[in-house]
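These are my notebook entries on the structure shown below. I record each item as I looked it up.

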Amino acid sequence: MTTNQAANSGGDEIISISHLSKTYDSGYHALKDINLQIRKGEIFALLGPNGAGKTTLISIICGIVRPSGGQVLVGGYDIVRQYRRTRAMIGLVPQELTVDVFISPWTTASLSRGMFGKPPDPAHIEKVLRDLSLWDKRDNHILTLSGGMKRRVLIAKALAHEPDILFLDEPTAGVDVELRREMWQLVRRLRESGVTVILTTHYIEEAEEMADRIGVIHHGELIMVEDKVELMRKLGKKQLTLNLQEPIERLPPGLDAYDLTLADDGLELLYSYDAQAGHTGIAALLAALHEAGIRFSDLNTKQSSLEEIFVSLVEEERT
């Protein structure tokens with residue numbers, strides 16, 4: 001499923017987006033005919049460069065920005081006509097700090113719960129704060145907390161009313177690696193409890209680590225939506241590295257037919273191939289190397305990373 005097609009292959013959709021577009025008063029087309037279904041209980045990662053439309057898409061689903069065209073259903077309800085009902089199903093963690101820094105994490109979470117009409121539930125607030133390692137700081141002014149702790153407070157605020165869907169807009173930007181991994185663990189636990197998680201991220205490893213499916217957005221268009229494993233299988237190339245017994249200065253003419261790269265030290269040959277192709281060319285390459293008198297001591301393969309796939313998709317879209 002590629003090129004802005006609805007990416008649903010079974011399962012219950014909790015968010016359904018049809019022909020969504022957004023044009024600002026300036027004439028800027030932020031979103032162009034977006035079609036997407038997000039399944040209940042999945043982790044969906046939305047990747048794209050700055051200005052691609054990620055935040056605009058999230059803002060429309062959350063009712064912050066009005067669409068110019070199309071329809072978005074959350075839990076079967078229209079986000080425009082049934083705003084209160086859909087908004088109550090959603091927790092949003094924005095990029096920017098959006099809390100009163102002169103109150104405590106406990107008060108912030110409790111007030112947020114009340115704003116959504118939920119009755120007080122100290123046990124739930126305590127669980128959220130403990131899960132986010134905020135319990136010891138529950139009575140501190142947010143102003144006194146570190147940047148990473150403030151980020152956790154935003155998540156606590158979003159989870160206070162027990163939403164079915166959690167949006168994380170660049171959730172770990174600017175936080176250290178340890179905190180990032182703690183947040184990944186929290187997101188997995190939320191998914192296990194049935195919460196649907198949609199995240200935008202600049203950290204490719206974040207999507208590679210956590211996501212069930214990945215969407216790539218560029219210039220306001222959804223250029224690909226795919227299961228992560230299938231995306232890696234279909235688009236991930238493999239690279240064969242041959243460690244040579246003796247350095248060579250240049251490739252012999254007989255090897256021109258192969259897409260080989262010689263390392264600067266002359267001791268490694270790199271060969272890229274499509275792992276899904278019926279004919280990888282490896283056997284013929286090894287025979288050609290033997291014929292040319294080039295001996296190797298070791299070989300290994302490496303799968304393309306999600307980052308390499310993402311970069312190649314964006315570059316294809318530009319051309």
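Does Pro171 count as buried or exposed? I worked from a predicted model, and in it Pro171 has a relative accessibility of 5%. The cut-off for buried is under 20%, so I entered Pro171 as buried.

**Entry 1: surroundings of Pro171.** I placed Pro171 in the loop that runs between strand S7 (165–169) and helix H6 (177–192). I then listed its contacts, leaving aside neighbours within four places in sequence: Arg151, Met183, Thr200 and Glu206. I also noted a pair that is separated in sequence: Pro171 and Thr201 are 30 residues apart along the chain, yet their C-alpha atoms are 7.3 Å apart in space.

**Entry 2: helix H4.** I next asked which residues of H4 (residues 122–131) are buried. I found His124, Ile125, Val128 and Leu129. Viewed down the axis of H4, these buried residues fall within an arc of 130°, and therefore they line one face of the helix. On the face turned away from that buried side I found the exposed residues Ala123 and Lys127. I traced the packing of the buried residues of H4 to two partners, helix H3 (105–115) and helix H5 (147–159). Just after H4, I noted that Ser133 takes a positive phi of about 55°.

**Entry 3: H3 against H5.** Since both helices had come up as partners of H4, I examined how they pack with one another. Two packed helices are described by the angle between their axes and the distance between the axes. For H3 and H5 I recorded an angle of about 30° and axes 7 Å apart. Angles under 35 degrees count as roughly parallel, so I described H3 as roughly parallel to H5. The crossing of the two helices is right-handed. On the H3 side, the contact is made by Pro105, Thr108, Ala109 and Ser112; on the H5 side, by Val153, Ala156 and Lys157. I sorted the residues of this contact into 4 nonpolar, 2 polar and 1 charged.

**Entry 4: Thr108.** From that contact I selected Thr108, which lies in helix H3. How is Thr108 to be classed, buried or exposed? Its relative accessible area is 6%, so I classed Thr108 as buried. Leaving aside neighbours within four places in sequence, I found Thr108 in contact with Val99, Ile103, Ile142, Val153 and Lys157. Two of these, Val153 and Lys157, I had already entered on the H5 side of the helix contact.

Notes
Residues are numbered from 1 along each chain as its sequence is written. This is a predicted model: local features need pLDDT of at least 70, side-chain atom pairs count only at pLDDT 80 or more; totals for chains, interfaces and linings use all residues. Side-chain values use heavy atoms; hydrogens and water are left out. Buried means under 20% relative accessible area, exposed over 50%, partly exposed in between (1.4 Å probe, protein chains only). Helices (H or I, at least four residues) and strands (E, at least two) are DSSP runs, numbered from the N terminus. The arc is that of the directions from the helix axis to the C-beta atoms. Contact means heavy atoms within 4.5 Å. Axes are lines fitted to C-alpha atoms, for helices over the stretch in contact, and angles run from 0 to 180 degrees between N-to-C directions. Angles under 35 degrees count as roughly parallel, over 145 as roughly antiparallel, 65 to 115 as roughly perpendicular and the rest as oblique. A crossing is left-handed if the near helix is turned anticlockwise from the far one by less than a right angle, and right-handed if clockwise. Ala, Val, Leu, Ile, Met, Phe, Trp, Tyr, Cys and Pro count as nonpolar, Asp, Glu, Lys and Arg as charged, and the others, Gly among them, as polar.
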